[in-house]
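Here is a short report for a reader meeting this structure for the first time. Please look over the sequence and the model before reading on.

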Amino acid sequence: MLETTELYQLLYHHMGPQGWWPAESEIEMMLGAILVQNTNWNNVVKSLANIRQMTAFDRYKLAALTTDEIAVLIRPSGYYKNKSKAVKTLLDWLALYDFNYRQLSDDYGTDLRNELLKLHGIGPETADVLLVYLFHRVEFIPDSYTRRLYARLGYSNTDNYNKFKQEVILPADFTSEDAKEFHGLLDEFGKKYLSGRPKEREHFLTEYFIN
């Protein structure tokens, strides 16, 4: 069975650095992580463009928006009522710390993930994305593409996000940059080879697939 360290090395060697998350600022990344739930990225881009035009992603301008104002801006992403509540809740929480992510991370320590999960609209995957890309933690993000790949590699419990997260332990020497890069590589591989679109018959991981 292909181990995580070797998988990361193979992905990086064949695909190169991905530079994920696709955002120009931490605030934009944070918003994208919420808006991408249950929709495709093209719809998120439209919503982010609306937010950029209204606020230039200034955190204080964003925090001043009402839930209804946010809902109008993010309508292209769908589920805009629930997502606007999630965005507003997260912004209000971060504003309590004046958007000082390092202080917030230090204060909550190992409880940070549980605190994120208490916020409206923040599920396990979104919490892990925020931990990696906003708080620069080292976390495994077993999203659907990642679980699909690991299933093909012979791993178990890949149908369940929380159960599978316990199956994979990232290398002890992984940095936050490695965690970011690994997630980006896994997602890009999934889009190219494991999506519903036509797949290439052979790729550099074919020999490791067991099904």
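Buried means under 20% relative accessible area, exposed means over 50%, and partly exposed lies in between. D98 has 44% relative accessibility, so D98 counts as partly exposed. The model is predicted.

**Two loop residues with positive phi**

D98 sits in the loop between α6 and α7. Its phi is near 50 degrees, a positive value in a residue other than glycine. N38 also has a positive phi, near 60 degrees, and is not a glycine. This residue belongs to the loop between α2 and α3. N38 reaches 65% relative accessibility and therefore counts as exposed. Most residues other than glycine have a negative phi, and most peptide bonds are trans.

| Residue | Phi | Relative accessibility |
|---|---|---|
| N38 | near 60 degrees | 65% |
| D98 | near 50 degrees | 44% |

**A cis peptide bond**

W20 and W21 are joined by a cis peptide bond. Its omega is about 5 degrees. W21 lies in the loop between α1 (4–15) and α2.

**Helix α2**

Why is helix α2 largely enclosed by the rest of the structure? The helix spans residues 26–35, and nine of its ten residues are buried, so the rest of the structure largely encloses it. The buried residues are I27, E28, M29, M30, L31, G32, A33, I34 and L35. They pack against five helices: α3 (41–55), α4 (59–64), α6 (80–95), α7 (101–108) and α9 (124–133).

**The nonpolar cores**

Which residues touch the most other members of the largest nonpolar core? This core has 44 residues, and the answer is M30, L31, W93, L94, L116, L130 and F135. Eight helices each supply at least two residues of this core: α2, α3, α4, α5 (67–73), α6, α7, α8 (112–118) and α9. Helix α2 gives the most, with seven residues.

L130 shows how such contacts run. Leaving aside residues up to four places away in sequence, L130 touches M29, M30, A33, L90, L116, I122 and F135. Among these partners, M29, M30 and A33 are buried residues of α2.

Another core lies apart from this one. It holds 23 residues, including Y150, L170, F204 and L205.

**In brief**

Helix α2 is largely enclosed, and α2 gives the most to the largest nonpolar core. In the loops, N38 is exposed, whereas D98 is partly exposed. The bond between W20 and W21 is cis.

Technical notes. Residues are numbered from 1 along each chain as its sequence is written. This is a predicted model: local features need pLDDT of at least 70, side-chain atom pairs count only at pLDDT 80 or more; totals for chains, interfaces and linings use all residues. Side-chain values use heavy atoms; hydrogens and water are left out. Buried means under 20% relative accessible area, exposed over 50%, partly exposed in between (1.4 Å probe, protein chains only). Helices (H or I, at least four residues) and strands (E, at least two) are DSSP runs, numbered from the N terminus. Contact means heavy atoms within 4.5 Å. A nonpolar core is a set of buried Ala, Val, Leu, Ile, Met, Phe, Trp, Tyr and Cys residues joined through side-chain atoms within 4.5 Å.
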